[in-house]
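Please consider the structure shown below together with its sequence. The paragraphs after it lead through selected parts of the fold.

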Amino acid sequence: MKKLIQHVALYQDHGVLEGQNIAIDGSRITGFPEAPKASDYDEVIDGKGMLALPGFVNTHNHVAMTVFRSYADDMQLMDWLEKKIWPAEAKLTDDVIYAQSMLGIAEMIRCGTTAYADMYDHMDQEARAVEESGIRACLCRGSIGIGPNAQAGLDENRQLFLDWHGTADGRITVMMGPHAPYTCPPDYLHKFVDQARELGAEIHIHLSETKGEVENIKQQYGKSPIALMDEIGVLDCGCLAAHCVWVDDDDMDIMAAKHVRVAHNPGSNLKLASGIAPVPKMLAKGITVGLGTDGASSNNNLDIVEEMRLTTLIHKANTLDPLVIPAETAINMLTEGGAKCLGYKDVGKLETGYKADITLVDREGLHWYPKNDTLSLMAYSANSMDVDTVLVNGEVLLRHKEFTKLDIEKIKAEAERTRKKLFAQI
């Protein structure tokens with residue numbers, strides 16, 4: 001099916017070109033015609049007054065944790081995990097995961113997200129939700145290497161890869177998901193590395209999220225979590241590392257050499273008081289950084305535009321340097337950088353041959369005036385409610401701020417039903 005987006009401001013080649021057109025055939029961008037005939041297309045989308053950006057990418061999430069939104073706030077990370085989250089997660093079912101995944105996916109689409117990375121449980125149900133919703137996702141089964149379910153984590157991650165990798169017209173990809181060094185001993189991580197190599201899969205893992213985690217790993221193994229992962233071989237598989245808050249120059253040198261991609265989660269890190277990752281130093285060392293929300297239980301929303309704005313602000317304050325993370329850098333982390341984090345080769349740019357994952361942002365709100373600098377307005381003034389239209393793989397999922405595929409009232413009702421079902425058991 002051929003589509004045409006007309007009269008749009010196009011973000012491309014480090015700038016914005018007004019009055020452009022985007023031609024789409026099936027799932028891909030085919031060009032930017034100067035004087036297209038509307039009659040040559042099956043659908044024409046009026047982009048007047050809008051900014052066209054590559055679809056936004058959320059590089060780290062636990063999407064079905066929407067069920068825990070506002071359930072366990074204002075706590076230390078380990079207390080939060082051990083006293084509230086892990087005991088409740090033991091009661092999760094397929095029904096809960098599917099319904100809450102649909103809720104989280106709808107929230108992300110409404111915020112302009114076209115692709116996301118996720119690590120959680122009952123992942124076949126989340127994959128089902130991804131397939132039905134039309135979004136793009138890189139999934140893994142979050143696995144803890146201590147306790148009775150350790151082998152199940154390995155086995156279920158393997159099955160997830162075999163069942164879902166490359167499915168849904170290529171929208172679903174699968175990584176291996178060992179949770180973190182403090183929950184996965186080295187022998188368990190070695191098994192994940194072997195499995196990743198066997199399958200040709202990459203690895204998504206939490207690394208160096210808190211100061212206490214790093215101190216404990218150093219005390220136990222005599223090296224940082226990054227150095228330990230390097231020794232075990234985790235970083236050789238292609239690695240998406242979430243957080244990386246407490247990393248030093250030696251760690252970042254390893255990360256750069258091993259092409260580790262970092263999912264930066266400023267909102268979650270602030271809320272849990274984990275700290276502020278040295279993102280400006282990472283970028284200076286050539287490390288690819290994307291943006292993530294983390295789960296809705298530790299954020300508490302899945303608004304990736306908010307994460308972009310936080311990123312532009314907190315690093316300026318943290319370094320006392322107003323020049324770090326300028327507007328275009330933040331936008332790149334939201335789009336192309338995020339796509340690279342998830343391992344995509346043809347997502348993240350508005351270029352001929354790339355996938356038609358496109359977010360159109362309405363620039364008619366009062367906060368978009370006067371129109372001095374479009375990229376600055378996008379980074380510092382815009383909010384996710386400006387998102388007007390969202391396409392993934394060339395399919396329109398949101399049109400004029402209304403969902404085209406999802407029954408939102410049903411999704412909300414099912415989210416509330418399954419929340420009550422879960423908490424009746426806790």
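The account below begins with the annotated domain, turns to the sheets and their helices, and ends with single residues.

The model is predicted. According to the UniProt record, an unreviewed entry, residues 52-396 carry the annotation "domain: Amidohydrolase-related". Helix accounts for 43% of this span and strand for 16%. The C-alpha atoms at the two ends of the span, residues 52 and 396, are 14 Å apart.

One sheet can be traced through four strands. Its order is β6-β7-β8-β9, the sheet is open, and the strands are paired in parallel. At the edges stand β6, residues 56-61, and β9, residues 172-174, and each of these pairs on one side only. On average, neighbouring strands in this sheet are turned by 15 degrees against each other, direction ignored. In general terms, the strands of a sheet are joined by backbone hydrogen bonds, and the pairing may be parallel or antiparallel. Between β6 and β7, the latter spanning residues 113-120, there are four bridges in the parallel sense. Within this pair of strands, V57 has A115 of β7 opposite it. A helix accompanies the sheet: α3, made of residues 123-133, lies across β7, β8 and β9. Relative to β8, which comprises residues 136-141, helix α3 runs at about 175 degrees.

A further open sheet also consists of four strands, in the order β10-β11-β12-β13 with parallel pairing. Its edge positions are taken by β10, residues 203-207, and β13, residues 289-291; each has a single partner strand, so one side of each has no neighbour in the sheet. From one strand to the next, the twist averages 30 degrees. Strand β10 pairs with β11, residues 239-243, through five bridges in the parallel sense. Among the residues of this pairing, L207 has H243 in β11 as its bridge partner. Helix α12, residues 327-334, packs on this sheet and touches β12, residues 261-264, as well as β13. The direction of α12 makes about 75 degrees with that of β13.

Attention now turns to a single polar residue. N21 is located in strand β2, which runs over residues 15-25. N21 counts as buried because its relative accessible area is 5%, below the 20% limit for that class. Two backbone atoms lie within reach of the N21 side chain. One is the backbone nitrogen of H7, reached at 3.2 Å. The other is the backbone oxygen of P33, which lies 2.9 Å from a polar atom of the N21 side chain. Leaving aside residues up to four places away in sequence, N21 touches L4, I5, Q6, H7, G31, F32, P33, E34 and P36.

Why are there no disulfides at C138? A disulfide is a covalent bond between the sulfur atoms of two cysteines. For C138, the closest cysteine sulfur belongs to C140 and is 7.1 Å away, so the separation is too far for a bond. The cut-off applied here is 2.5 Å between the sulfur atoms. C244 is likewise in no disulfide, its nearest cysteine sulfur being that of C239 at 7.7 Å. The structure as a whole holds zero disulfides. Both of these cysteines are enclosed: C138 is buried, with 2% relative accessibility, and C244 is buried, with 0%.

How values were computed. Residues are numbered from 1 along each chain as its sequence is written. This is a predicted model: local features need pLDDT of at least 70, side-chain atom pairs count only at pLDDT 80 or more; totals for chains, interfaces and linings use all residues. Side-chain values use heavy atoms; hydrogens and water are left out. Two strands pair if DSSP finds at least two bridges between them. Axes are lines fitted to C-alpha atoms, for helices over the stretch in contact, and angles run from 0 to 180 degrees between N-to-C directions. Contact means heavy atoms within 4.5 Å. UniProt positions are given in the numbering used here, feature names are shortened, and annotations may be inferred rather than shown by experiment. Buried means under 20% relative accessible area, exposed over 50%, partly exposed in between (1.4 Å probe, protein chains only). A polar contact is a pair of N or O atoms within 3.5 Å; within protein, one must be able to donate a hydrogen and the other to accept it, and residues adjacent in sequence count only if both atoms are side-chain atoms.
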